[in-house]
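Me: Could you take a close look at one part of this protein for me, the salt bridges, and then show how they sit within the rest of the fold? A connected walk-through would suit me best.

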Amino acid sequence: MAVRAVPTNRYAIQLAIFIAFGGKEGKSLMPNGCLIMPDFIRRFGELGDNGEFFLSSSRQSIITSLLSAGTFVGALAQAFTSDRFGRRGSILIWSGIFTIGVAIQTGTTFSIVQLTIGRFVAGLGVGALSAIVPLYNGETAPKALRGTMLVLYQLQIIIGIFLSYILDLATHRISNSASWRIPVGLQLLLGLILLSGIFFLPESPRHLLGTGRREEARVVISSLNGVPEDDELVDELVAELDYAIRAENEGGKATWAECFSTRNNLWKRTVNGMMLQFIQQLNGQNFYYYYGDTFFQSAGTELSPYVIQVILGGVSVIGTLPALHLIESWGRRKSLLTGAILEGAGLVGHFTLAPPGTPKSELTKRNKQGGDALIAFAVLQVFSFSIFWGPTPWVYLGESFPLRVRPKSIALGSATNWLWNFLLSFFSPRISARIGPLILLIFFGMLSFGYVYVYLFIPETKGLSLEEVDEMYRSGVKPWNSPSWQPHLTIEAHEKALKDLHHQEKGSTPELVA
């Protein structure tokens, strides 16, 4: 018998790092700092009665909301391209659309119509890639590293946002259009990098097997595991995946309604994916980005909005690093439960703040002391989000669905994220203008709800293959008992694969999976 090759995950890890650019690009598209740059206001604002240009709230809303509208549509639309053109083809299509959108914005001179069209087009790519990247990474990463690889996606997003803040800080004093064209235009480079994947990016082996392209799947599986194509490990993995995929895909091609069917508890999985994205958006993290400057001013600081953004961005990057390890050592449930507690702790103390707009000279000693403590609590909240609730919902979204409905269910979860991101950015300033930092009580209530929801409805998926996750849901195990649940389908698939290989060695015809 031939000596069996030792598998490696180097190529799979390299792919995950590269494909995570799909999250990095666009998440920092047109940072908020650009909206207060003088040249940007002069070009796209309105002339006031005092002879100075200003960017009205309505125009700011249009510029912001058109991107959100594009991301929502793109997240849903990728479900069609992912099935029709494959994961690889879909990534390249939407990367091209994103790049075109950035080019339209960068080339804008004075037309707000062109600017908003460019943002909508770029938003299509951003929303689509936000769903495709977890889908692709979930289907190509080894199960022992899948959580880490999906957290890497979130880390790339955070790094992209952080770099955009640094660019804002570095360019906001430039008097001409370079102040905002540089932060926006540099994203062309990210789009072109992802487009270069056409030369080496493989198709998802699960998609290949699901569409009957077995030999192509063999080539990809051998590359992802770093073993020769004729190695026994490839035979076993192909047979196991083929067996499990056919078992989970019984019933034929799925419709959108199938995502909410009672069959195999698909409705529970889809609702769980959407609810985690909903809770993630309303647990207070984004509040500090939309309301951070006013928040810190009420706390008595003289930091500029640009510096505040850089500080929060740096905390987010540092916080995401431990998640690369904790997502697999602690698991998904423990990460979400712990995060809800720590983030809730980071929202306390807001009663000590002065009302928004209070001059610094009128701040009381209690206001200043409470403000100093509250800044520390804000850092704790942002840091905790970056470790737990930032990456974990995306990990869960990328690993919870059978191949038949995976693109559609992930699309629904991603679209939910973008919908609530838009609603939060649109309404949060208006609510906070009325009740000030008391808005944090709303987020505290959402975190309390999130803790209960996770405990009652979110099972542990750590260490399971995508096919084993499907089996766990079909088994009906209670979420609080799921950490100790053991799969059986993979064992059956492995035994069948060995049986077929044994038949082949004897020269008989193996039992083919119909």
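Reply: Let's begin with Asp-235 and Arg-218, which form a salt bridge in this predicted model, with their closest N and O atoms 2.6 Å apart. Asp-235 belongs to helix H12 (residues 232-248) and Arg-218 to helix H11 (residues 214-225), so the bridge ties together parts that are 17 residues apart in sequence. Arg-218 has a relative accessibility of 13% and therefore counts as buried, the cut-off being under 20%.

Next comes a pair that reaches further along the chain. Arg-332 and Glu-399 meet through their side chains in a salt bridge, at 2.9 Å from N to O. This pair links distant parts of the chain, 67 residues apart: Arg-332 is in helix H17 (residues 332-345), while Glu-399 is in the loop between helix H19 (392-397) and helix H20 (406-435). Both of these residues, Arg-332 and Glu-399, are buried.

There is also a set of bridges with shared partners: Asp-83, Arg-87, Glu-139, Arg-406 and Lys-408 are joined by them into one network. Within this network, the side chains of Arg-87 and Glu-139 form a salt bridge with an N to O distance of 2.9 Å. Arg-87 sits in helix H5 (residues 86-106) and Glu-139 in helix H6, so to speak two distant parts of the chain, 52 residues apart, that the pair links. Arg-87 and Glu-139 are both buried. Across the protein, the count of salt bridges comes to twelve.

Helix H5 deserves another moment, as it also holds Ser-90. With a relative accessible area of 0%, Ser-90 is buried. Setting aside neighbours within four places in sequence, the contacts of Ser-90 are Gln-78, Thr-81, Ser-82, Phe-85 and Ile-132.

Ile-132 turns up again among the contacts of Ile-91, together with Ile-19, Leu-129, Tyr-136, Leu-194 and Leu-201, once neighbours within four places are left out. That leads us to the nonpolar interior. The largest nonpolar core has 43 residues, and Ile-19, Ile-91 and Leu-201 are those with the most contacts inside it. Helix H6 (residues 112-140) supplies the largest share of this core, eight residues. At least three residues of this core come from each of domain 1 (10-48 + 56-228) and domain 2 (253-480). A second core, separate from that one, has 29 residues, among them Leu-282, Leu-337, Trp-389 and Leu-440.

Now for the outside. Ile-341, Tyr-451, Val-452, Tyr-455, Leu-456, Phe-457 and Trp-480 make a nonpolar surface patch of about 660 Å². Helix H21 (residues 439-457) contributes the most to this patch, with five residues. Leu-456 lies in helix H21 and is partly exposed, with a relative accessible area of 35%. Patch residues need over 30% relative accessible area, which is why a partly exposed residue such as Leu-456 can be included.

Finally, here is the setting for those details. The protein has 23 helices and two strands, and 57% of its 514 residues count as buried. Its accessible surface comes to about 20,800 Å², with 64% of that belonging to carbon and sulfur atoms. Among contacts with a separation of 6 or more, 79% are between residues 24 or more positions apart. The Arg-87 and Glu-139 pair, 52 residues apart, and the Arg-332 and Glu-399 pair, 67 residues apart, are good places to start exploring in your viewer.

Note on methods. Residues are numbered from 1 along each chain as its sequence is written. This is a predicted model: local features need pLDDT of at least 70, side-chain atom pairs count only at pLDDT 80 or more; totals for chains, interfaces and linings use all residues. Side-chain values use heavy atoms; hydrogens and water are left out. Patches are made of residues with over 30% relative accessible area and no salt bridge: like charges are joined within 9 Å, nonpolar side chains (Val, Leu, Ile, Met, Phe, Trp, Tyr) within 5 Å. Accessible areas come from the Shrake-Rupley method with a 1.4 Å probe; for residues, only the protein chains shown count as cover. A salt bridge is a side-chain nitrogen of Lys or Arg within 4 Å of a carboxyl oxygen of Asp or Glu. Helices (H or I, at least four residues) and strands (E, at least two) are DSSP runs, numbered from the N terminus. Buried means under 20% relative accessible area, exposed over 50%, partly exposed in between (1.4 Å probe, protein chains only). A nonpolar core is a set of buried Ala, Val, Leu, Ile, Met, Phe, Trp, Tyr and Cys residues joined through side-chain atoms within 4.5 Å. Domain bounds come from an automatic or database domain assignment. Contact means heavy atoms within 4.5 Å.
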